[in-house]
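Colleague: Before we talk about the ligand and its surroundings, could you bring the model up?

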Amino acid sequence: MAIAASAQNKLPTSRLKGILERLGRHTESSAKKRGACCEMLGRARTGFVILTATTVVFCYFVLQHTQVLHLQQRRCHIQERNKSLQSGTCNNTVVETTTETKRGTRDCCTNCDMYVGVRPSCITRNFTGPWCQVIRQKRGYAKVKVDLASRSLEMLEKLHGADLDPGGLYRPRDCTSSQRVGIIVPFRERSLHLKVFLNNIHPFLKKQRIEYMIIVVEQAPGSRLNRGMLRNIGVIEGEKLCKFDCYFFHDVDMIPLSNLNIYTCGSKPRHHAAALARWNYVLPYQHIFGGVVSFTTELFKKVNGYSNMYFGWGGEDDDLYNRVRYHNMDIERYPMKISRYGDLKHHKSVAQNSRYSYLKTWKARVEVDGLNSLKYNRHLVEFRKLYTWIYVGINEQEVLISI
Ligand code: BGC
């Protein structure tokens, strides 16, 4: 039965051929299909790569654009802030100014750094011409013409402001200065003197081809005047603005009378205002060291600046002299003829007797009382046309108990 069935199951050769042909065709078509499929896959892969690349490029441009927008916004914000700061309408810090300056309130924007006006750019100096001291030596020196006329600030700005950078910064145009000098003027309630001072000091320094900035440091009402501290503050704040090589500490009522009294620093601290009419042009005592003195920044830091303890009139300059001697330095002076100053008249402040007790203990405080222990509130730094104005608050009690 089984044999009969297998005989029955035997396919005729023709049918077998047919099947084989069909099978062959099927294999061929599935190979074709497989090829097409691979081709599609390949195309899809290329498409995917192109799509990914496009997406990456697109995202990159979007990011870039956002960044540019962000930067533009920031720039706008800064410009706006500067504009409003200049016009005095920028909001947030309330500053009461004294009658000596503009009375009123001034606000600042959020995060305002309390700098008002265009910041002067104290670019690094490159040697671009002859050294200023060479030009200075070649020029003859006339006596200084003092102008005691009382002029408005606007008038003074017209007279002296044209070639100044903001903040009363001056750079000689025809020579390179070897030093940048910060002229620090401690100030309170002497607006008439300040105007006479500015009217005389700008032409004097320009004529000498000094690269300089006038920095007026004003103490807000509330505690007794501390001139030593104001001078220290002038240096600390001055260093944040420009890198000065040399500092002059200048009373506002002192007008130099000789063009040979050069306003650059020497290798020793220098006492400039040695010959005053009020002392008949002789030194009242040998180690007097007030009125106008100059130090290189390095030397001033070395002696730790002025003591901060002298509130009220007198003593801080004698203390500074002791510091100089303590560091084995001498002071120097120009000849008395050159050290002449016109001293503007004013009501003499009441001398503080407490200065004598501080002068007895100066040595114990040299290292801990001075530039390195300053405590003050910086209310405002304003870059005015003829000078940089730094307005500060000092808490006398806080200072006195801290040392
Ligand atoms: C004061 C100094 C002052 C000098 C000249 C001294 O008694 O202590 O501060 O510079 O007199 O007026």
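Colleague: How many nonpolar, polar and charged residues does the shell around the ligand have?

Modeller: This is a predicted model, in which local features need pLDDT of at least 70 and side-chain atom pairs count only at pLDDT 80 or more, while totals for chains, interfaces and linings use all residues. Residues are numbered from 1 along each chain as its sequence is written, and side-chain values use heavy atoms, with hydrogens and water left out. The residues around the ligand, with a heavy atom within 4 Å of it, are W279, Y285, I288, W313, G314, G315, D317, D318 and R355. Counting Ala, Val, Leu, Ile, Met, Phe, Trp, Tyr, Cys and Pro as nonpolar, Asp, Glu, Lys and Arg as charged, and the others, Gly among them, as polar, the shell has 4 nonpolar, 2 polar and 3 charged residues.

Colleague: How far from an oxygen atom of the ligand does a polar side-chain atom of R355 lie?

Modeller: A polar contact here is a pair of N or O atoms within 3.5 Å. For D317, a polar side-chain atom lies 2.5 Å from a ligand oxygen, and for D318 the corresponding distance is 2.6 Å. For R355, a polar side-chain atom and an oxygen atom of the ligand are separated by 3.0 Å.

Colleague: Is S177 buried or exposed?

Modeller: S177 belongs to the loop between β2 (169-170) and β3 (180-187), strands being DSSP runs (E, at least two residues) numbered from the N terminus. A polar atom of its side chain lies 2.8 Å from the backbone oxygen of Q179. Since buried means under 20% relative accessible area and exposed over 50%, with a 1.4 Å probe and protein chains only, S177, at 5%, is buried.

Notes. A polar contact is a pair of N or O atoms within 3.5 Å; within protein, one must be able to donate a hydrogen and the other to accept it, and residues adjacent in sequence count only if both atoms are side-chain atoms. Helices (H or I, at least four residues) and strands (E, at least two) are DSSP runs, numbered from the N terminus.
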